[in-house]
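Trainee: I should like to examine how the terms applied to this model are justified. May we take them one at a time?

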Amino acid sequence: MKKISFLSLLLLIICSGYAENYPYRSNVLWVTTPSNSNWLYQLNEEARITVSLYEYGVLQDNIEIGYHVGPELFPSEKSGTVTLRNGEAEIPIGSMSKPGFRDCKLEIELNGVEYKHHIKVGFAPEKLKPYTQFPDDFVSFWNEAKDEAAKCPMVYEKTFVPEYSSNKVDCYLIKLQAFKKKEYVYGYLTLPKKEGKFPVVFSPPGAGIKPMNPMKDIFYAEGGCIRFDMEIHGIRPNLDRETYREISQAFGQGNNSYLVNGLDNKDSYYMKKVYLSCVRALDFLISLPEWDGKNLIAQGGSQGGALALITTALDSRVTACAANHPALSDMAGFKAGRAGGYPHFSLYFDGMDTPEKINTMAYYDVVNFAKLINVPVFMTWGYNDNVCPPTTSYIIYNTLNCDKEALITPINEHWISTTTRHQILDWIKTQLH
């Protein structure tokens, strides 16, 4: 069954502590209300927003607000100012003749301090289609790659981690030989501390090179699931933050980022070993004596959301997938004159628009993996996200041809609330056999 649900916008006040567009402990609260309550419009329909501003909880009046409006992640097409009258002002957003999102950026100066805000509205996003094409040898390329990776012996080290363990959960640091000999990935394995057999949740990481720990999702193991939070670079996840900062500067930023390493060739692109390591991690997880032998779920957000969907497509053992605002989605979408997916090759890197690089992107794009998924998928995303824009999340959701469900939270930028984290687990439990 296909289902889309909308969170009540009243939750934005409750969730303001988590929101980037309602900064925690800010003196100022922006309230922006689209003329359509679900933030969505038909093609060529005119959109408007009403804006109010509070300082210290006091409604402001007779204050000038600057605005800039244009397609998301593209230069603004229109700028102007409005003045708050009786505590509010209306701003025309315009329309779109093709499916997509428009972004209205707001700015104001109060007492010498500049405050900014933005809001995106969508135009027929259910009609968005990918720019990225499906290579003729896509399936054979990945089948051959998996066959080669499977030849690598499954070798791992398992170390108990007392600081992340409790009377309910046992935690272990895993060092796993992945797709080639002496090529490793690490991860935290958390298991319910009781007798029984349990479903497994595989969770690859968000983007970047940074420390990690399993605590924000420890409720999975507390709730009866085995969970494996994996890193993808072969770097021990319990190093100190300063060491990680140095490593990230070495190969995690700009044109030396791992995300562009080897992009000229589909066989040498860095992410090949990442995708294959995800599949090999499943080999390890289903070998656990505590696994129930039936349920293997992939779950993640951002880059982790992408890797969860990709792993689901690559491995028929996965029984369900949950992904929030997946990265690596329609990455060449900028060539269609609209927002492309993270890592935004056209915006933050040099020399990316070459035939070789565009060709490689197609073999690693979530769009093409989504076409192969035939198990249930849950997705959630927000509209104000500039990291993994709603255009690309809609494209993935529209591409999926399986049982699917979406929780759309318009106010969200690149985050999900604690409540949504638990809703994802609730959905996973509905999929257990």
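Trainee: What share of the 433 residues of the chain counts as buried, and what makes a residue buried?

Mentor: This is a predicted model, in which local features need pLDDT of at least 70, side-chain atom pairs count only at pLDDT 80 or more, and totals for chains, interfaces and linings use all residues. Residues are numbered from 1 along each chain as its sequence is written, and side-chain values use heavy atoms, with hydrogens and water left out. A residue is called buried under 20% relative accessible area, exposed over 50%, and partly exposed in between (1.4 Å probe, protein chains only). By that criterion, 55% of the 433 residues of the chain are buried.

Trainee: Why is the chain called as compact as a globular protein of that length?

Mentor: The globule rule is 2.2 Å times the number of residues to the power 0.38, and the radius of gyration is taken over C-alpha atoms. For 433 residues the rule gives 22 Å, and the radius of gyration of the chain is 22 Å, close to that value, so the chain is as compact as a globular protein of that length. Along the principal axes, the C-alpha atoms fill a box of roughly 70 × 55 × 45 Å.

Trainee: What share of the contacts joins residues at least 24 apart?

Mentor: A contact means heavy atoms within 4.5 Å. Among contacts between residues at least 6 apart in sequence, 71% join residues at least 24 apart.

Trainee: How many helices and strands does the chain have, and what makes a run count as one?

Mentor: Helices (H or I, at least four residues) and strands (E, at least two) are DSSP runs, numbered from the N terminus. The chain has 11 helices and 19 strands.

Trainee: What makes strand 3 and strand 7 the edge strands of the open sheet?

Mentor: Two strands pair if DSSP finds at least two bridges between them. The open sheet has 5 strands in the order 3-10-9-6-7, with mixed pairing. Strand 3 (40-41) and strand 7 (78-83) each pair on one side only, and these are the edge strands.

Trainee: How do you know that strand 3 pairs with strand 10?

Mentor: Strand 3 and strand 10 (residues 113-123) share 2 bridges in the parallel sense, which satisfies the requirement of at least two. Tyr41 stands opposite Phe123 in strand 10.

Trainee: Why is strand 14 called mostly covered, and which strands pair with it?

Mentor: In strand 14 (residues 198-203), 6 of its 6 residues are buried. Strand 14 runs parallel to strand 16 (residues 291-301), joined by 4 bridges, with Leu296 as the bridge partner of Val200. Strand 14 also pairs in the parallel sense with strand 15 (residues 226-230) over 4 bridges, where Arg227 is the bridge partner of Val201.
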